[in-house]
Structures are given as structure tokens and as C-alpha cells.
Amino acid sequence: MNSQENKRLHWLWFPFFIILTVFTYSTALRATTILVATGPGPGHLPIVRVTVDGAAGNDTISFMAYPSKFTGGIRVAVGDVNGDGVADIITAPGPGSTPHVKVFDGKLLGQRGSLLMSFNALPGFYRGGVYVAAGDVTGDGRADIIVAPDAGAPPIVRVFDGNTGNLLKSFFAYAPTFTGGVRVAAGDVNGDGHADIISGAGPGAAGGHVKVFDGVLQAELKSFFAFPGFSGGVFVAAGDINNDGRDDLVIGAGGGAGSHVKVFDALSNQLALSFFAFDPSFTGGVRVAAGDVNGDNIADIITGAGPGAGPHVKVFRGTDLVVLHSFFAYEANFQGGVFVGGAPLSRRGR
């Protein structure tokens, strides 16, 4: 076969090579599992970073969730919104933007066309920032989107259908006069198969006030103070730490109380774990999430340092608090803090 025939054969095969390459990349992407999602605190480009467990090992996917001029911080949550079996990424902006919530397809992260849903979660004139969570409240197999305002607005919690984007529920988590902000999470705390809604009061509320509301009826299931005597606010998450079929409550202290994390048993409400995620002398607070990072079908605890430290993320094994991962999500000199999200246990077929 002469060189001209070789060239002709090469170009005949080239389209098939492209198709094979795209198919292989797509197949690998479908096989990935989202482990940890991070969003920067204020002062950084709005870059979301997602650690995935793919066919070739852990990898990081980065994408710009909002226009580069916005530097108010990004809050993140993880859940299968479109029901395709792969967790998706939900983002909400911090102060300085309209309350614009976005959902990105977990199969297409970082690619054109990955945006699944986009809406204003609160009245458009509000620019104080939004907190976001994801959980299947309706029981239709899709994660619904739970939002609440940061400081400067009444403590209203709103739930949007993950399928249609329609508003499903709206209620006050605390007294309407409280305007310190509400942090939210979702998890099946009462074991009925539906995600319940967990709220944590922001700064100004005494004692780190945490509440749990029935996802179906909005009835208040629990109300307690995670950090008595502390008024700096709390961050909340939920995950089944003790493998009893109910999601336990993971609470992180806000700024001023160090990086103190507490875990409360979903059934008894008793304190199950208490530890400092970072140096005890650090007082910038700690953001929390829960997810099955190591694949043992038990929730692990994901922590992100608050403002004043590098964007340090640590993942603790839920069974014994062994550190599974410890890394900086952004530039080491960035001091604005980091928000974290983790995929629910259901993504592993539980």
C-alpha cells in the first residue's frame, strides 16, 4: 500500500475516531459520581468546583456559575433534579445579586448546554444572598430545590419542584421579624421516605436555633439549640451517619465560635459527635454538608472553612471521624471562605 493510499485510509477512519472519542468521553462522564461540590465565599470569581469519582479516579471539574463580574460568593447543593440517576449541582448567589438559582446537569458539568433550570427564588428586588438545598420532598424520585434568604429579609423558606420548577411550599421557619438569614438543608429525618426541611438561624438568633419541618406537611418535627449561648448563626446539613435509615443532623457553628461541628441523632436528638474541623483557634466558623464520599453507604461529613482561613475543605468519615480528604478548593491565599455540598446516599442505589 503506497503513502497516498495510507493517507486516504487515515482520513476515512478519522470521522469514526471522532465518534469513538466522543462516545468514550460521554460514557466516562456518565460513570462519574459527584463527591464534593464547592463554591467560594465573597471576593472570588464565581467558580464552582466539583470533585468527581470517575473511571480513571478522582478528578475536578470547574465552571463559572455566574458572570465573572459577580464576586459575592456562591452557595452550592447537590441532588438529582432531572431524575437521570446522576446528581446535579444547584447554585445560589451570595449578597449583591438578584436571587438567581441555577441547576446544572451532572452529566454535562463544564460543558455548553449543562444548564437545566434557572429562576429567581425570591422577589427580584432582594439582593441579600440566598441559601440553597436539595432533597426529594414530593417523593417523585427527583430532588426538589429548597431556598431561604440570607440576612435582610424575613425568614421565609420556599420549596420548588425539581421537575417543573413551580413553587410547591412557602413558610416562615422563624418569627417573621427575624432577619438574620436562614441556612437550609434537606434529609429524611423522620424515615417516611420523603426529604424533610432543616433550617438553621443566621446571626442574631440565640443558641444556634435549628428546626426540622416535615417535608410533606411542613409540621415542625424538631426545634432545639445546637450551641446554647451563641448567637453567631449556624450552618446545617443532614446525612445518615449511624446507618439507621434516618438522616442525622450535622450542625456547624457560624463565625465567632470556631470550627465546631456537632452531629445530633435523628431519632433521639441526642448529641452523637462533637469535634473541631479545623484548628480550634480559628474563629471564622465552618460550613457543613454530608454525603457518601467513600462509598460505604454511610454519610461522611464535609466541612468548609469560613472567612479568615484559606479555602480549606476537609471530609471526615462518618463512622469514626478519620480524615478522608483535606484540600484547598481555591487559591491558598483566598480568605473569603468556602461553601460545600455533598451528594445524598440515594445516588449509590440505597
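## Reading salt bridges and sheets

Colleague: How many salt bridges does this model have, if a side-chain nitrogen of Lys or Arg has to lie within 4 Å of a carboxyl oxygen of Asp or Glu?

Modeller: By this rule the count comes to four salt bridges, and please keep in mind throughout that the model is predicted.

Colleague: Which residue forms a salt bridge with Lys107, and how far apart are the closest N and O atoms?

Modeller: The partner of Lys107 is Asp84, and the closest N and O atoms of this pair are 4.0 Å apart. The pair links distant parts of the chain, 23 residues apart, since Lys107 sits in the loop between strand E6 (100–104) and strand E7 (115–120), while Asp84 belongs to the loop between strand E4 (74–79) and strand E5 (88–93).

Colleague: Why does Lys107 count as partly exposed, and what is the class of Asp84?

Modeller: The idea is that a residue is called buried under 20% relative accessible area and exposed over 50%, with partly exposed in between. Lys107 is therefore partly exposed because its relative accessibility is 24%, and Asp84 is likewise put in the partly exposed class, because its value is 28%.

Colleague: Where else can I look at such a pair, and which residue does Glu220 meet in a salt bridge?

Modeller: Glu220 forms a salt bridge with Lys211, with 3.5 Å between the closest N and O atoms. Glu220 has a relative accessible area of 45% and so is partly exposed, whereas Lys211, with a relative accessible area of 12%, is buried. Another of the salt bridges joins the side chains of Asp320 and Arg317 at 2.6 Å, N to O; here Asp320 is partly exposed with a relative accessible area of 41%, and Arg317 is partly exposed with 25%.

Colleague: What is the strand order in the open sheet that includes E15, and which strands are its edges?

Modeller: To read a sheet, follow the strands from one edge to the other. This open sheet has four strands in the order E12-E13-E14-E15, with antiparallel pairing; strand E12 (182–187) and strand E15 (220–225) are the edge strands, each of which pairs on one side only. From one strand to the next the twist averages 15 degrees. Strand E14 (residues 209–213) is joined to E15 by five bridges, and the two run antiparallel. Lys211, the residue described above as buried, has Ser223 in E15 as its bridge partner.

Colleague: How does one read the sheet with the order E16-E17-E18-E19?

Modeller: The procedure carries over: these four strands form an open sheet with antiparallel pairing, and its edge strands are strand E16 (234–239) and strand E19 (271–276), each pairing on one side only. Neighbouring strands of this sheet are turned against each other by 20 degrees on average, direction ignored. Within the sheet, four bridges join strand E17 (residues 248–253) to strand E18 (residues 260–264), an antiparallel pair, and Gly252 has Val261 in E18 as its bridge partner.

Colleague: How many helices and strands does the protein have, and what share of its residues is buried?

Modeller: The protein has one helix and 24 strands, and of its 350 residues 55% are buried. Among the contacts with a separation of 6 or more, 48% come from residues 24 or more positions apart. About 14300 Å² of the protein is exposed, with carbon and sulfur atoms supplying 57% of this area.

Terms used. Residues are numbered from 1 along each chain as its sequence is written. This is a predicted model: local features need pLDDT of at least 70, side-chain atom pairs count only at pLDDT 80 or more; totals for chains, interfaces and linings use all residues. Side-chain values use heavy atoms; hydrogens and water are left out. Buried means under 20% relative accessible area, exposed over 50%, partly exposed in between (1.4 Å probe, protein chains only). Two strands pair if DSSP finds at least two bridges between them. Axes are lines fitted to C-alpha atoms, for helices over the stretch in contact, and angles run from 0 to 180 degrees between N-to-C directions. Contact means heavy atoms within 4.5 Å. Accessible areas come from the Shrake-Rupley method with a 1.4 Å probe; for residues, only the protein chains shown count as cover.
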